[in-house]
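Please look at the sequence and the model together before reading on. The paragraphs below go through charged pairs, a surface patch and a pair of helices in turn.

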Amino acid sequence: MPTPAIPWLGFGVAFTVTLVLLWFGLPFARRIGWVDHPDDRKCHTTPTPLIGGFAMYGGYITGGVFLEDTAISPEILLIVATFIVIVGCLDDCWTLRPWIRFTAELGLALLLTGWGGVLLHNLGNLFGLGVITLGPWFVPFTMISFVGVINAVNMSDGLDGQAGGQSLVSFLVLFFLATQADRWQEAWWVLLAAVVLIPFLFLNAPSINPWAPNKSAQVFMGDAGSMLLGLVLVWFTVTLSQGPHPAFAPVVALWILAVPLIDVFSSIVRRLVARRHPFSPDMGHIHHLLLRHGYNKRQVFLIMVGATTLFALLGVIAHFLAVPEAILFYTFLALLVGYCWFVISKIKK
C-alpha cells in the first residue's frame with residue numbers, strides 16, 4: 001500500500017499556532033497571574049506561566065482541521081479535548097479538590113467511551129490462556145484506564161521537560177507502529193500531538209535547547225497540558241490496539257507507557273502503606289528520588305526520557321519478534337512489583 005501524502009499544511013499550522021500562542025501567551029499569563037508558584041514540593045524556584053497546555057491545545061485543534069477523519073470521528077476527539085483542557089485550566093487556577101477532579105475525569109471518561117466509542121473490548125492473551133474479552137466490563141475498564149493514564153501523565157509533570165519528553169517518545173513510537181500497520185489516518189493524528197510538543201519543549205526543557213541549556217523552564221503545561229496529552233495517549237493506544245486489524249497487542253501499550261504507569265502505581269501503593277490519601281501530593285516520585293541522590297535536572301530528564309525510550313523500544317522489538325504476550329505481561333508485572341517493593345522498603349527504613 002503506498003504511503004499517503006504527508007499533511008504538511010496541518011503540521012505547519014499546528015506548529016505555528018502553538019509557537020504564536022506561547023510567544024504572546026507568556027507575558028499575558030504573567031500579567032494576569034496565571035503562573036505556578038514554587039513551594040517545598042516543587043523543583044522550580046520562580047513563578048512560571050502555565051500557558052503551555054492551552055498553547056498545545058490551540059495548535060492541535062487548528063492543525064487537526066487539515067487532517068483526514070479517522071475511524072472514530074476526530075470532531076469527537078477535539079470536543080473531548082476541549083472539555084478536558086477546561087477542567088485542567090480550572091485545576092491550574094483554583095486547585096480543585098481531589099474528589100471534584102476525579103469526578104470530572106470519570107465524566108470525561110464516560111464521554112470518551114459512550115460518545116467517542118473509544119473502548120477496550122479485549123486485553124489480548126495476557127496470561128497465555130487465550131484472549132481475554134471484557135464482555136460487559138469493557139466500559140468501566142476503559143474508564144479506569146483513561147483515569148489511570150491521565151493521572152500517570154499528570155504525576156510525571158514534576159520536572160522541566162519530563163512529561164513532555166516522555167509523551168513525545170510515546171507519540172513517536174505509536175506513530176511508527178501505526179504506519180507499520182497502514183493505519184495512516186491515526187498515524188497523522190498521533191504525529192500531530194508530537195508536532196505541538198516540539199515548540200513547547202524548547203521553552204519547557206532548557207536542557208535540550210542548545211540556545212538556553214542552563215536556564216530554567218520558561219513555561220509549564222499545567223494540568224491542562226498533562227490531561228490533554230493523557231487523553232491523546234489513551235485515545236490512540238486503545239484504538240490502535242483494538243479492532244479486526246490492530247497495530248499492536250494491548251500489552252505493548254504497557255511498555256510504551258511503562259515509566260509513568262510504574263510511577264503512578266508505586267506512588268499510590270507508597271501512600272497507602274504510609275496511611276495517606278492515595279492521590280495526596282508528596283516528593284516520592286522517581287524524579288524526586290533521583291534528585292535526592294545527587295543528579296541534576298538535566299541528568300534526571302535524560303534518565304527519565306531514556307528509560308521511557310528503552311521500555312518502549314523493548315515493547316516494539318518484542319512486537320515484531322512475536323514474543324508471546326504473556327511473557328511481555330509477566331515481565332512488566334515483575335518490573336512493577338519489584339519497584340513497588342523497593343519503594344516500600346525505603347518507607348519501612
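**Charged pairs, a nonpolar patch and a helix crossing**

Glu186 has a relative accessible area of 7% and is therefore buried, in what is a predicted model. Its partner is Arg183, with which Glu186 forms a salt bridge whose closest N and O atoms are 3.0 Å apart. Arg183, at 15% relative accessibility, also counts as buried, because the cut-off for that class is under 20% relative accessible area. Side chains of opposite charge can pair when their charged atoms come close. A search of the whole structure finds 8 salt bridges, and the pair of Arg183 and Glu186 is one such contact.

Further along the chain, the side chain of Arg270 meets that of Asp282 in a salt bridge, with 2.8 Å from N to O. Arg270 belongs to helix 10, which spans residues 258-273, whereas Asp282 sits in the loop between helix 10 and helix 11 (286-292), so this pair ties together parts that are 12 residues apart in sequence. Both Arg270 and Asp282 are buried. Asp282 also meets the side chain of Arg271 in a salt bridge, here at 3.0 Å from N to O. Since Arg271 lies in helix 10 and Asp282 in the loop between helix 10 and helix 11, the pair ties together parts that are 11 residues apart in sequence. Arg271 is buried, as is Asp282.

Elsewhere, salt bridges join into a network, which links Asp91, Arg101, Glu105 and Asp223.

Turning from charged to nonpolar side chains, which residues make a nonpolar surface patch? The patch is made by Ile79, Phe83, Ile86, Leu90, Trp94 and Trp115, and its area is about 630 Å². Leu90, one of these residues, has its place in helix 3, which covers residues 74-94. With a relative accessible area of 36%, Leu90 is partly exposed, and this value satisfies the patch criterion of over 30% relative accessible area.

The last feature concerns how two helices are arranged. Helix 7 (residues 184-204) and helix 8 (residues 222-241) have axes that come within 11 Å and cross at roughly 160 degrees. Because angles over 145 degrees count as roughly antiparallel, helix 7 and helix 8 are therefore roughly antiparallel to each other. The handedness of their crossing is left-handed.

Methods:
Residues are numbered from 1 along each chain as its sequence is written. This is a predicted model: local features need pLDDT of at least 70, side-chain atom pairs count only at pLDDT 80 or more; totals for chains, interfaces and linings use all residues. Side-chain values use heavy atoms; hydrogens and water are left out. A salt bridge is a side-chain nitrogen of Lys or Arg within 4 Å of a carboxyl oxygen of Asp or Glu. Buried means under 20% relative accessible area, exposed over 50%, partly exposed in between (1.4 Å probe, protein chains only). Helices (H or I, at least four residues) and strands (E, at least two) are DSSP runs, numbered from the N terminus. Patches are made of residues with over 30% relative accessible area and no salt bridge: like charges are joined within 9 Å, nonpolar side chains (Val, Leu, Ile, Met, Phe, Trp, Tyr) within 5 Å. Accessible areas come from the Shrake-Rupley method with a 1.4 Å probe; for residues, only the protein chains shown count as cover. Axes are lines fitted to C-alpha atoms, for helices over the stretch in contact, and angles run from 0 to 180 degrees between N-to-C directions. Angles under 35 degrees count as roughly parallel, over 145 as roughly antiparallel, 65 to 115 as roughly perpendicular and the rest as oblique. A crossing is left-handed if the near helix is turned anticlockwise from the far one by less than a right angle, and right-handed if clockwise.
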